[in-house]
Amino acid sequence: MESRPQRRKSSTGGGGPGFVGIQFCQECNNMLYPKENKETKKLLYSCRNCDFYQEADNNCIYVNRIEHEVDELTQIIADVTADPTLPRTADHSCPRCGHKEAVFFQSQSRRSEDGMKLYYVCTSVSCNHKWIQD
């Protein structure tokens with residue numbers, strides 16, 4: 001059985017590595033494994049059951065994307081209670097300590113799917129609880 005490299009079109013748009021999926025042998029349908037051709041210094045995908053191999057169209061064999069969402073409330077510092085430019089309200093008492101005064105401000109989110117949110121911070125020195133009201 002004669003093996004020859006097969007070329008495939010690249011599915012990445014040049015903006016970094018895209019989806020790196022599992023490749024399968026065209027001869028026996030087993031999984032292809034990454035392997036280096038040491039003579040040509042090229043990445044190949046080769047079958048462990050037959051002699052089939054193909055040249056890789058992308059040098060990336062694994063992508064680990066880490067997406068981290070930050071909790072909005074942890075980004076609010078307690079010093080906002082001392083800011084004299086922020087409005088204060090006595091209409092929304094603190095749900096934790098019951099203190100009658102809170103500083104409030106609007107979210108700075110620019111995303112269209114987010115509605116307007118009001119952030120409240122308790123002005124009690126011993127509490128400084130933060131909460132959101134949609």
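Q: Over which residues does pLDDT stay under 50?
A: The model is predicted, so confidence comes first. Where pLDDT is low, the predicted coordinates should not be read in detail. The model does have 25 contacts beyond four places in sequence for this stretch. The stretch with pLDDT under 50 is residues 1–14.

Q: What share of the residues in the protein chain scores at least 70 in pLDDT?
A: The average pLDDT of the protein chain is 79. The share of residues that score at least 70 is 72%.

Q: How many helices and strands does the protein chain have?
A: Read from the N terminus, the elements run β-β-β-β-β-β-β. The count for the protein chain is 0 helices and 7 strands.

Q: What share of the exposed area of the protein chain do carbon and sulfur atoms supply?
A: Of the 134 residues in the protein chain, 26% are buried. The chain exposes about 10,300 Å². The share supplied by carbon and sulfur atoms is 47%.

Q: Among contacts between residues at least 6 apart in sequence, what share joins residues at least 24 apart?
A: The pool is limited to contacts in the protein chain whose partners lie at least 6 apart in sequence. Within that pool, the share that joins residues at least 24 apart is 38%.

Q: Which residues do ring pairs link into a cluster?
A: The count of aromatic pairs is 3. Ring pairs build a cluster from Phe104, Tyr120 and Trp131.

Q: Is the pair of Tyr120 and Trp131 stacked or edge-to-face?
A: The two ring centres lie 5.5 Å apart. The ring planes meet at 10 degrees, and planes under 30 degrees apart count as stacked. The pair of Tyr120 and Trp131 is therefore stacked.

Q: How many residues apart in sequence are the parts that Tyr120 and Trp131 tie together?
A: Tyr120 belongs to strand 6 (residues 118–122). Trp131 belongs to strand 7 (residues 130–133). Their pair therefore ties together parts whose separation in sequence is 11 residues.

Q: Are Tyr120 and Trp131 buried or exposed?
A: The cut-off for a buried residue is under 20% relative accessible area. Tyr120 has 3%. Trp131 has 12%. Tyr120 and Trp131 are buried.

Q: Which residue lies over the face of Tyr33?
A: Tyr33 has a side chain over its ring face. The distance from the ring centre is 3.6 Å. The residue over Tyr33 is Arg48.

Q: With which side chain does the side chain of His129 make a polar contact?
A: His129 sits in the loop between strand 6 and strand 7. His129 is buried, at 17% relative accessibility. Beyond four places in sequence, His129 touches residues including Cys94, Pro95, Tyr120 and Cys122. The polar contact, at 3.2 Å, is with the side chain of Arg96.

Q: What is phi of Asn128, about?
A: Asn128 is found in the loop between strand 6 and strand 7. At 22% relative accessibility, Asn128 is partly exposed. Asn128 is not a glycine, yet its phi is positive, at about 55 degrees.

Q: Phi of Asn29 is near what value?
A: Asn29 lies in the segment before strand 1. At 60% relative accessibility, Asn29 is exposed. Phi of Asn29 is positive in a residue other than glycine, near 65 degrees.

Q: What distance separates the C-alpha atoms of Cys25 and Asn49?
A: Cys25 is in the segment before strand 1 (32–37). Cys25 is buried, at 1% relative accessibility. Its contacts beyond four places in sequence are Asn30, Leu32, Cys47, Cys50 and Phe52. Cys25 and Asn49 are 24 residues apart along the chain, and their C-alpha atoms are separated by 9.2 Å.

Q: Which residue has its backbone nitrogen 3.0 Å from a polar atom of the side chain of Thr89?
A: Thr89 lies in strand 4. Thr89 is buried, at 9% relative accessible area. Contacts of Thr89 outside its neighbours within four places in sequence are Lys100, Glu101, Ala102, Phe104 and Tyr120. The backbone nitrogen at 3.0 Å belongs to Asp91.

Q: What distance separates the C-alpha atoms of Asp91 and Glu101?
A: Asp91 is in the loop between strand 4 (88–89) and strand 5 (102–106). Asp91 is exposed, at 69% relative accessibility. Asp91 and Glu101 are 10 residues apart along the chain, and their C-alpha atoms are separated by 7.7 Å.

Notes. Residues are numbered from 1 along each chain as its sequence is written. This is a predicted model: local features need pLDDT of at least 70, side-chain atom pairs count only at pLDDT 80 or more; totals for chains, interfaces and linings use all residues. Side-chain values use heavy atoms; hydrogens and water are left out. Rings of Phe, Tyr and Trp (its six-membered ring) pair if their centres lie within 6.5 Å; planes under 30 degrees apart count as stacked, over 60 as edge-to-face and the rest as tilted. Helices (H or I, at least four residues) and strands (E, at least two) are DSSP runs, numbered from the N terminus. Buried means under 20% relative accessible area, exposed over 50%, partly exposed in between (1.4 Å probe, protein chains only). A charge sits over a ring if NZ of Lys or CZ of Arg is within 6 Å of the ring centre and within 35 degrees of the ring normal. pLDDT is the predictor's confidence in each residue, from 0 to 100. Contact means heavy atoms within 4.5 Å. Accessible areas come from the Shrake-Rupley method with a 1.4 Å probe; for residues, only the protein chains shown count as cover. A polar contact is a pair of N or O atoms within 3.5 Å; within protein, one must be able to donate a hydrogen and the other to accept it, and residues adjacent in sequence count only if both atoms are side-chain atoms.
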